[in-house]
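Hello,

Here is the structure I promised to pass on to you. Have a look at it first, and my notes follow underneath.

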Amino acid sequence: MGVGETDPLSLFLSIGLNKRTAENSLVNQKVTASLTAVIKEAGVDGCSKTIGNLLYMVATKYPANALIHRSTLIQYIVSSKIKNQAQLDAALAFLSTVEPETFKLNEFEEACGVGVDISIEEIESSVNAVVEENMNPILEQRYHINVGNLCGQVRKQHLWADARIVKELIDQKLRVILGEKTAEDDKEPLKKKEQSVKVEEKASDAIACVPSVEVEVNPFLIFPEPAENFKVHTEVFFSNGDIWRAYNTKENLERHLKFTGGKVFTRFPPEPNGYLHIGHAKAMYIDFGLAKDRGGSCYLRFDDTNPEAEKKEYIDHNQEIIQWMGWQPFKVTHTSDYFQELYDLAVELIHRGLAYVDHQTPEEVKEYREKKMNSPWRDRPIAESLKLFKDMKRGLIEEGKATLRLKQDMQSDNKNMYDLIAYRIKFVHHPQVGDKWCIYPSYDYSHCIVDSLENVTHSLCSLEFGIRRPSYYWLLVALGLYQPYVWEYSRLNISNTIMSKRKLNRLVTEKWVDGWDDPRLMTLAGLRRRGVSSTAINSFIRGTGITRSDNSTIRVDHLEYHIREELNKTAPRTMVVLHPLKVMITNLHPDSVIDLDAKMWPDAPSNDSSSYYKVSFTNVIYIEQSDFHLKDSKDYYGLAPGKTVLLRYAFPIKCTEVILGNNDTILEIHAEYDPSKKTKPKGVLHWVARPSPGIEPLKVEVRLFEKLFLSEDPAKLEDWLADINPHSKELIPEAYAVPSLASAVLGDKFQFERLGYFAIDRDSSPEKLVFNRTITLRDSYSKSGKRVNLDVPS
């Protein structure tokens, strides 16, 4: 379809406009006509978002008195000779003032910077210079500094620089200098000190009347009420032309509603063959969340039909972690609770000619399924299958020599209708029922039946189970049982991790990680040990939604955002030095100890002693090794010879001497402090001091964690174990901490200033505390994927 034939909305979207802008353009007939004409004049059938936005600006801003030159301007845009808003604004200004007969192309090009290329390095150099010139107001005003003014100063040097890039570089620079935004930074400063209380009250009243922009839509509104469960759920098509229409009879629905009282009943059905991971958190949110939203109940049902892989350890842990996630089951059940009912219903299926005992090996079953061929034992007499099935139950048939299969449709278009196995023989001890049974039902057989027996109203599962829907309803129709409403949702896939329980089990058993609760894993136990809260996880899950979209991967940054948001509000601040470098304060007496107040919270009121902790300033302090350079530079904000920096909550210090060892190793630094605090420092450093003469600071172990896998989707790699990040864990055995941390206990979380958020690990002892880094203060990866350090001065 050409430009002239495309409908306006599709045409506008094709040039990269966002949907909202495109739809708003359609509301205004004048804009619609102008934008359509501009796109047609440009001769583009799809283009980059940058070019599209510039064409949109031409359509909405172009001076009416200069239409004769519009096509020229458009070609400059399409050919990327005019490539940003600054150039376009200059071009529009030029065309609005020049007369058609006096228009000269060279003057036009000069007026709007055609051919002028400004590198990122040039912009960055100017940003550094402007920031340096404005350092005092930046340190005084912090994030209240007028960023627009800073941008303007840079743009004076580079008239045609991309304004977006200029602002991004300035914002990045401010973050490096000022660190994390505090609650005080977020407060709107008063424009005039003399503003009256009345004016402030009126402003508050006005704000109170403005509704919240983020109106949270209830995600559970999409689900029908239990009383509506009489409609056709699905149609089961057979290769011979038969169709089974699955729906609840009036009698079955009435019996069901009588049991439930018309309330919602859901179930969360994990298999106890490992620890639950963050993908299960989404299932919990949907299963438990729907029941809670409707005032109903949710079972915790363990799908324990495969005793070879299941352990009591997993059952106990999963119950505990579900409660930690904030969910309270209505009742804890096991599929094994229904083994007798499941067996009786299997016998009923044999009686009805809908199940048979088969002797094919797994290899033969696979071959016959691929060829869509019936098993040789499919049509054996009912009485014979009944006898053999009882022999299976009594342990009279060897393991692997017989199975019970459903007589479905081997010629179906759905492979999940290829006579599924209902029972197999396993002489294995079961963690719940011991040795009572030696035949165990399959998931495909038991799941739908137990859903029905427990009167589940909504059977919710992930999209990959969609293929099982026909066999789910085939069984319930065949047995005349009540049918729950089935709904599938997209799985939660997160980048740089593994979700498969089989692969997780391999990581644990082969000791690639330190157990199921290794903080690098996305198991809920691992996240908890790392210091992530259940509320942060649930907030992340709520943000991902419960749609039926494809199984796209969500970047781990989205989870990290919710973790930071919570810890920023809940984790008290403290100071720890990971890689200590000794600094001697030469103008402070060795016996002197100056007690200082350090804030646990950025907005701590001065009269609230509980919001402060004590730090001692002595003549021996320690800073990070990375906070000292032998050579200073303009864009460096740490300590260097002859340079002054501010110690957080303390004094400015100036480096006066560097003591070097062999191979120019820095042994210690000598510095002088400014007790008057009149010196204007360039940067702010965290530090730890000897609490008293001759006494070393508190030593703690710190563990730093990065993403476990280097690739965003390691599961797709053939050799996925080779993708493990060799730097995913760094152990720092002796970091220095302020004395107040000595009283920390398991469950405590802190922000180590400029380093990140940390939590006490279970390996801690009274002799030595161990801290896990939960997360850095900011994302530690640039857009290019290159590792950058945003927590300490560069």
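**What I found**

The chain has 25 helices and 29 strands. Please keep in mind that this is a predicted model.

First, the chain as a whole. Its C-alpha trace spans about 100 × 85 × 60 Å along the principal axes. Of the 794 residues, 50% count as buried. The accessible surface comes to about 38,700 Å², and carbon and sulfur atoms account for 51% of that area. As for contacts with a separation of 6 or more, 70% of them are between residues 24 or more positions apart.

Now to the part I thought you might like to look at, the second largest pocket. Its volume is about 960 Å³, and 33 residues line it. Which of them lie nearest the centre? Those are Glu 271, His 280, Tyr 443, Glu 464 and Phe 465.

Several elements each supply at least two residues of this lining. The helices are H15 (278–293), H20 (443–453) and H22 (501–509), while the strands are S3 (265–268), S8 (421–425) and S10 (458–462). Which element gives the most? That is H15, with 5 residues.

You may also want the make-up of the lining by class: 12 residues are nonpolar, 12 are charged and 9 are polar.

If you would like to start somewhere in the viewer, try His 280 and Tyr 443, which are among the residues nearest the pocket's centre.

Best wishes

Technical notes: Residues are numbered from 1 along each chain as its sequence is written. This is a predicted model: local features need pLDDT of at least 70, side-chain atom pairs count only at pLDDT 80 or more; totals for chains, interfaces and linings use all residues. Side-chain values use heavy atoms; hydrogens and water are left out. On a 1 Å grid over the protein atoms alone, a cavity is a set of points where a 1.4 Å probe fits but cannot get out, and a pocket is an open set with protein on both sides within 12 Å along at least five of seven lines; lining residues have an atom within 4 Å of a point. Grid points are joined across faces, edges and corners, and a volume is the space filled by probe spheres set on the points. Helices (H or I, at least four residues) and strands (E, at least two) are DSSP runs, numbered from the N terminus. Ala, Val, Leu, Ile, Met, Phe, Trp, Tyr, Cys and Pro count as nonpolar, Asp, Glu, Lys and Arg as charged, and the others, Gly among them, as polar. Buried means under 20% relative accessible area, exposed over 50%, partly exposed in between (1.4 Å probe, protein chains only). Contact means heavy atoms within 4.5 Å. Accessible areas come from the Shrake-Rupley method with a 1.4 Å probe; for residues, only the protein chains shown count as cover.
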